[in-house]
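Visitor: I am new to reading protein models, and I would like to learn how each label is justified. Could you take me through this one step by step?

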Amino acid sequence: MNDIKIRLALLPVLSCFAQIFTTALLVLPASAYADHNEDVELDDIHVTGTVDSRITKHPATVETYSRKQIQESVNATTSQQTLKYLPSFQVRERYIGDRNGPLATRTTGTLSSAQTMVYADGILLSNLLGNSFSFPPRWGMVSPEEIESVSILYGPFSALYAGNSFGGVVSMNTRMPSKFEAHATAQVFAQDFKLYGTNKTFQGNHETASVGDKVNDFSFWLGVDRLQNESQPMQFANALLSTIAPAGAPLVTGAYLDRNEKNQNRVTFGATGKDRTEQLNVKLKAAYDISPTVRATYTLGLWDLDSRTDVDSYIKDAAGNPVYNGRVNFNGQRYDISGFSPAEVASFHVMQAIDLKSNSKGFFDWNLTLSDYDYQKDKNSSANTPANGSIAAGNPYLNRSGRIVDMGGTGWTVFDARGTLRPTDGNGDRHEIDFGYHIDQYTLKSDTNNTPDWSGSNKGSLFASSRGQTQTQALYAQDKWQLNPAWAVTFGGRFEHWQASDGLNQTTTGAGLQASYYADKTDNKFSPKLSISFEPVPEWGFRAAFGQAFRFPTVSELYQQITTGTALVQNNPDLKPEEVISSELTAERRFTSGLLRASLFHENKYDALVSQTTTNGNAVPFGSGTCTAGAAGCTFIQNIDHVRTYGLELASEWQDVLVHGLDLMGSATFTHAEIVKNDANPEFEGNHPLRIPRAMIKGVATYHQGSNITYSLAARYSGRQYFYLDNSDSNPDVYGGASKFFIMDVKANYKFADRWTASVGVDNLNNYKAYIFHPYPQRTAYVQIRFNY
């Protein structure tokens, strides 16, 4: 109830700020609206051409991929796929439509979802309820067909963004119509997948439709995006090679022998996590021009998910029946099989936002944004997986008992008020001063109930429950000071007040349902920022950027303890905020038809918040204790004293290379990351932190054959990385490891009639088998037809 009251209380705050800023706008003298030569707006970052200055405009490196580039070179079925060729960024999209797709950057891995920020038209899509693969940005709220461009601001160098930005800030910019328009796409795709006992073609389809118009001062855009897909197996039930006598356990056949990520012999019994998903996104954007310089925009996003996760056992008993969970005899040894846990997920999320914005480009502009994201329905029902007992009792399709995790009522509310001043001082130097106030509140509500039927909705007794809230308020100011045409200095700071409250965990133990109440916590942090730019001539640009940032623990890291199937997520209410001190040196050489950029980056991270997952019963140190996993794994969070990351990023982009119509884009990032200090577990010192590859290399070549045909060839490489803090994963190129990969993609577009375009493409053309614990998709073919009016 408290979070509802706070959300409602923010509405009059919005109205009050609107009145204040509007009054200030009206009373300013007419001379205040004089046009200036520079326009910097970090929320909507656009690069208009390779000869344009990208150094003085922004406090740090910015890269952009346009709608035209996306349509020509990306087999885009989801919004996260539109980022795949940008430098130093990866999205862990395990299959098309993966709702757990966190971002990785040059200094953060795919287990660190709260260390980057994602916006769509200034609306925060980052799910900062947690910091793991389970809390990715809400990609489903944006259709790839509505994206005008995607931009990335690297590092924590802007005071306009919270400390979660130290990995980077992604801005997806969508379009509003200036006249009547209508669009539709139909896409089908298929993946041939072979691994262990799975040899199957998985298929899916994707349809979009949108309509928009502008009538006088009112404009609107309405879009529908539907995606249906069946994924390859995400996981495999396995166990280490056993030396235990069978002791009368039933004999089974059909298992597979190989070695795990730690190069230990193991036995694989079947495939799990085969997700059949249907997602529907309905989006409405309506805008009204109150005046030539003031616009009000309302956005409503609805995301509906129906998912069924199935399992496939490779092993059979003497009668030929599939065996799922229980004690079995394979090759004369006893194994206690678990992990075959089918599940069903039903979700309905609602996003709303109100934005009031002045865009005079004169002396003073302002922007007010209030957004709310609500888990109106979010249920995950999974089967219990007993490790022992009879084979029949272990069959999740016969023994229907399970648990339901209900997160309905979880969500967040964000309010931002920003003003921009563009004065000229007594020396004639131009300034662009941004200042503002930010408040966000994240609310966690999670109940786990026993159920007699995991595929139904009937809840039984309460098994576990988690509650909690976090709130952050911030004041910030930043001045971009153009000293002269060659030199610019951007400096600023951000003060943040954070608090965590109402933390509660209830867990069923042998003594019954036990409750743990956690004390409220508060903290205050200030983060300075500085960027110095120098452009001696239009062809050359140099920049040095420095920034400090603090990332506070999320409500899930602090309070949520959850068990799904046999997988446990352990909370930690004693976590400290992580501190980041970053720097970047950039040099850019611009030519008439292209550019070259080199950036040296360096980051020191103190009290780094790290999520670690164990598997196969391996015990991993957890502060002063241990967290011991079952077959499906155990995830816990801890602070690491000091992690240092540094490296080199190279990027280049060219048009009309050698022949007219051939465009090239490429990047290479080389990173060294190291755990410098960890008093709780000193044996980790000198090791590599989790899931940061040593190298990321990307290249895209696009050829335009006239104005109606394009061909694109792209390649992506990701180097060695680690999955465990002790770096014991010495065999990474298997299921369970974090492997390198080299993937080639192709796409061709043909505009065969007025308003009609057909596309064909293949991702992972070379069928490289790669793993990020889960297997990545193998060769996938796409066919699409698009209509534009």
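Guide: Let us begin with strand pairing in this predicted model: S1 and strand S6, which covers residues 147-153, run antiparallel and are joined by five bridges.

Visitor: How do you know that S1 and S6 are joined as a pair?

Guide: Two strands pair if at least two bridges are found between them, and S1 and S6 have five, so the two strands meet that condition. One of the residue pairings links glutamate 63 with isoleucine 152, its bridge partner in S6.

Visitor: What is the order of the strands in the open sheet?

Guide: Its five strands follow the order S1-S6-S7-S4-S5, with mixed pairing.

Visitor: Why do S1 and S5 stand at the edges?

Guide: Strand S1 (62-66) and strand S5 (123-124) each have a single partner strand, so one side of each is left without a neighbour in the sheet.

Visitor: Why is serine 88 called buried?

Guide: Buried means under 20% relative accessible area, and serine 88 has 1% relative accessibility, so the residue counts as buried. Serine 88 lies in the loop between H2 and strand S2 (90-91), and its phi is near 65°, a positive value in a residue other than glycine.

Visitor: Why is asparagine 767 called partly exposed?

Guide: Partly exposed lies between the limits of 20% and 50%, and the relative accessible area of asparagine 767 is 26%, so the residue is partly exposed. Asparagine 767 belongs to the loop between S38 and strand S39 (771-772), and here too phi is positive in a residue other than glycine, with a value near 55°.

Visitor: What makes up the lining of the second largest pocket?

Guide: This pocket has a volume of about 530 Å³, and of the 24 residues that line it, the closest to its centre are Gln71, Ser707, Lys751, Thr757 and Asn788. Among the elements that give two or more residues to this lining are helix H2 (67-73), strand S8 (181-195) and strand S38 (756-763), and H2 gives the most, with four residues. By class, the lining of the pocket divides into five nonpolar, 10 polar and nine charged residues.

Visitor: What makes a space a cavity and not a pocket?

Guide: A cavity is a set of points where a 1.4 Å probe fits but cannot get out, whereas a pocket is an open set. The structure holds 15 cavities of 30 Å³ or more, and the second largest has a volume of about 490 Å³. Of the 32 residues that line this second largest cavity, the closest to its centre are Lys84, Glu93, Arg716, Tyr776 and Pro777. The lining of the second largest cavity holds 15 nonpolar, 11 polar and six charged residues.

Visitor: How do you know which parts of the model the predictor is confident in?

Guide: The predictor gives each residue a confidence called pLDDT, from 0 to 100, and here the protein averages 89, while 89% of the residues score at least 70. Among the elements, S38 has the highest mean pLDDT (98) and helix H1 (residues 2-27) the lowest (38).

Visitor: What about the contacts of residues 622-626?

Guide: The model has 10 contacts beyond four places in sequence for residues 622-626, but pLDDT stays under 50 there. For residues 628-632, pLDDT also stays under 50, and the model has 16 such contacts. Where pLDDT is low, the predicted coordinates should not be read in detail.

Conventions:
Residues are numbered from 1 along each chain as its sequence is written. This is a predicted model: local features need pLDDT of at least 70, side-chain atom pairs count only at pLDDT 80 or more; totals for chains, interfaces and linings use all residues. Side-chain values use heavy atoms; hydrogens and water are left out. On a 1 Å grid over the protein atoms alone, a cavity is a set of points where a 1.4 Å probe fits but cannot get out, and a pocket is an open set with protein on both sides within 12 Å along at least five of seven lines; lining residues have an atom within 4 Å of a point. Grid points are joined across faces, edges and corners, and a volume is the space filled by probe spheres set on the points. Ala, Val, Leu, Ile, Met, Phe, Trp, Tyr, Cys and Pro count as nonpolar, Asp, Glu, Lys and Arg as charged, and the others, Gly among them, as polar. Buried means under 20% relative accessible area, exposed over 50%, partly exposed in between (1.4 Å probe, protein chains only). Contact means heavy atoms within 4.5 Å.
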